[in-house]
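Work through the exercises below with the structure open beside you, and try each task before you read its solution.

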Number of protein chains: 2
Amino acid sequence: MTYAIGEIAEKMNLSIHTLRYYDKEGLLLFVQRTENGRRVFSDRDIILLSTIECLKATGMPLKDIRQYVDWCVEGAETIPQRYELVKNQKKVLEDQMAQLQKMLNAINYKCEFYKQALETGSTELCESDRKEWAEKVVTGKF
Amino acid sequence: MTYAIGEIAEKMNLSIHTLRYYDKEGLLLFVQRTENGRRVFSDRDIILLSTIECLKATGMPLKDIRQYVDWCVEGAETIPQRYELVKNQKKVLEDQMAQLQKMLNAINYKCEFYKQALETGSTELCESDRKEWAEKVVTGKF
DNA sequence: ACTTGACCTCGAGTAAGCTTTAGGATTTAT
DNA sequence: ATAAATCCTAAAGCTTACTCGAGGTCAAGT
């Protein structure tokens with residue numbers, strides 16, 4: 001099966017503009033063209049696009065994703081590099097999640113405070129923000 | 001205790017430029033000035049700055065954080081709004097973490113593949129990228 | 001007193017990741 | 001056969017969040 005850019009845009013939930021932008025940035029090197037220059041996506045392209053979306057969702061910048069795509073296009077001899085990149089991104093992701101978990105704890109603390117403030121009817125500005133709370137946020141000790 | 005902008009920059013691990021930028025964007029409404037215009041931060045300011053950093057870490061745009069700060073400055077009558085904002089951000093954060101967890105599963109799958117490819121010595125381009133993998137990424141079913 | 005360092009404003013510059021516009025060609029449906 | 005939909009490139013524009021530089025004021029140490 002092959003697909004036009006519009007179908008891919010819909011399937012991947014990206015705009016056509018964004019796909020063309022990705023192409024310009026070298027992320028769609030593997031996409032074929034018709035004799036009139038229209039892009040033709042294959043099922044394999046959808047698969048690689050999914051990988052791109054996955055890496056993007058972890059916050060990897062497009063130029064790094066481009067490196068991955070380049071390696072994919074180069075072939076099997078770049079598997080060690082790709083393995084390294086993916087392993088590294090796994091670590092990045094785990095760190096991100098740990099950081100978000102801390103922020104979630106902090107937000108939960110805030111939520112609790114505001115809830116109590118509403119129940120008891122307090123009047124001080126930001127009274128929830130006790131010093132040890134700020135310290136926990138700053139030092140990441142939550 | 002009061003602090004100059006440089007001390008705050010160091011304590012919060014932000015550049016002086018960034019702090020001044022935040023001020024320009026209305027995030028530091030509460031910071032006092034000397035008669036000569038120098039910013040004077042209090043302990044309470046550090047606490048509110050910590051909250052700002054916390055919201056920022058969850059990806060909230062500065063203009064939304066500004067709304068929160070405005071409410072804080074307005075006083076206790078905005079506690080319901082602040083509670084709503086914080087509750088909502090908690091949900092955003094939980095969704096983010098769920099999404100990242102899916103991506104982590106996908107990345108783990110990739111890692112496994114590349115590991116095996118290295119051990120068994122495979123040669124196909126992106127052969128790990130089987131269709132059902134792409135589908136899982138696209139549909140978020142991981 | 002005077003030099004050094006920290007602060008100030010304002011305005012311009014940067015980078016990433018799109019988004020829009022203009023102008024044109026090609027498909028597809030009726 | 002023709003109108004509408006879809007595609008193309010190239011270039012400009014936009015948003016967010018800084019980051020830097022120029023030109024100047026003020027405070028602290030020697």
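**Exercise 1. The interface between the two chains**

Task: How many salt bridges are there between chain B and chain A?

Solution. Before counting, note what is being examined: this is a predicted model, in which local features need pLDDT of at least 70 and side-chain atom pairs count only at pLDDT 80 or more, while totals for chains, interfaces and linings use all residues. Residues are numbered from 1 along each chain as its sequence is written, chains are lettered from A and ligands numbered from 1 in the order in which they are written, and side-chain values use heavy atoms, with hydrogens and water left out.

Step 1. A salt bridge is a side-chain nitrogen of Lys or Arg within 4 Å of a carboxyl oxygen of Asp or Glu, and the count of such pairs between chain B and chain A is zero.

Step 2. Polar contacts (pairs of N or O atoms within 3.5 Å; within protein, one must be able to donate a hydrogen and the other to accept it, and residues adjacent in sequence count only if both atoms are side-chain atoms) do link the two chains, in six residue pairs with both residues at pLDDT 80 or more.

Step 3. Look next at which elements of chain B take part, where helices (H or I, at least four residues) and strands (E, at least two) are DSSP runs numbered from the N terminus. At least two residues each of the side that touches chain A are supplied by α1 (5–12), α3 (43–57), α4, α5 (79–120) and α6 (131–139) of chain B, and the largest share, 26 residues, comes from α5(B).

Step 4. Sorted by class, this side of chain B has 30 nonpolar, ten polar and 13 charged residues, where Ala, Val, Leu, Ile, Met, Phe, Trp, Tyr, Cys and Pro count as nonpolar, Asp, Glu, Lys and Arg as charged, and the others, Gly among them, as polar.

Step 5. The size of an interface is often given as the accessible area lost when the parts come together. Here chain B and chain A bury about 4800 Å² between them (accessible area for a 1.4 Å probe, summed over both), and 77% of that area is on carbon and sulfur atoms.

**Exercise 2. How the copies are related**

Task: What turn and what shift along the axis lay chain B on chain A?

Solution. Step 1. The copies are superposed by least squares on the C-alpha atoms of residues with pLDDT of at least 70 in both. A turn of 180° and a shift of 0.0 Å along the axis lay chain B on chain A with an RMSD of 0.3 Å, so the two copies are related as by a two-fold rotation axis.

Step 2. The C-alpha of B:M97 is 3.2 Å from this axis, and B:M97 is the residue of chain B that comes closest to the axis.

Step 3. Counting contacts (heavy atoms within 4.5 Å), 53 residues of chain B meet 53 residues of chain A, and 100% of the contact residues of chain B recur in chain A.

**Exercise 3. The DNA strands**

Task: Which residues come nearest to DNA strand D?

Solution. Step 1. A residue is near a strand if one of its heavy atoms lies within 4 Å of it. Of the 19 residues around DNA strand D, those that come nearest are A:R20, A:R38, A:R39, B:Y22 and B:N36, and sugar and phosphate account for 74% of the strand's atoms within 4 Å of the protein.

Step 2. Consider individual distances to phosphate oxygens of DNA strand D: a polar side-chain atom of A:R20 is 2.5 Å from one, and a polar backbone atom of A:G6 is 2.9 Å from one.

Step 3. Turn to DNA strand C, where 69% of the atoms within 4 Å of the protein belong to sugar or phosphate and the rest to bases. The side chain of A:N36 has an N or O atom 2.4 Å from a phosphate oxygen of DNA strand C, whereas a polar side-chain atom of A:R38 lies 3.3 Å from a base oxygen of that strand.

Step 4. The largest share of the surface near DNA strand C, four residues, comes from α2(A), while near DNA strand D the largest share, also four residues, comes from α2(B).

Technical notes: Buried area is the accessible area (1.4 Å probe) that two parts lose on being put together, summed over both.
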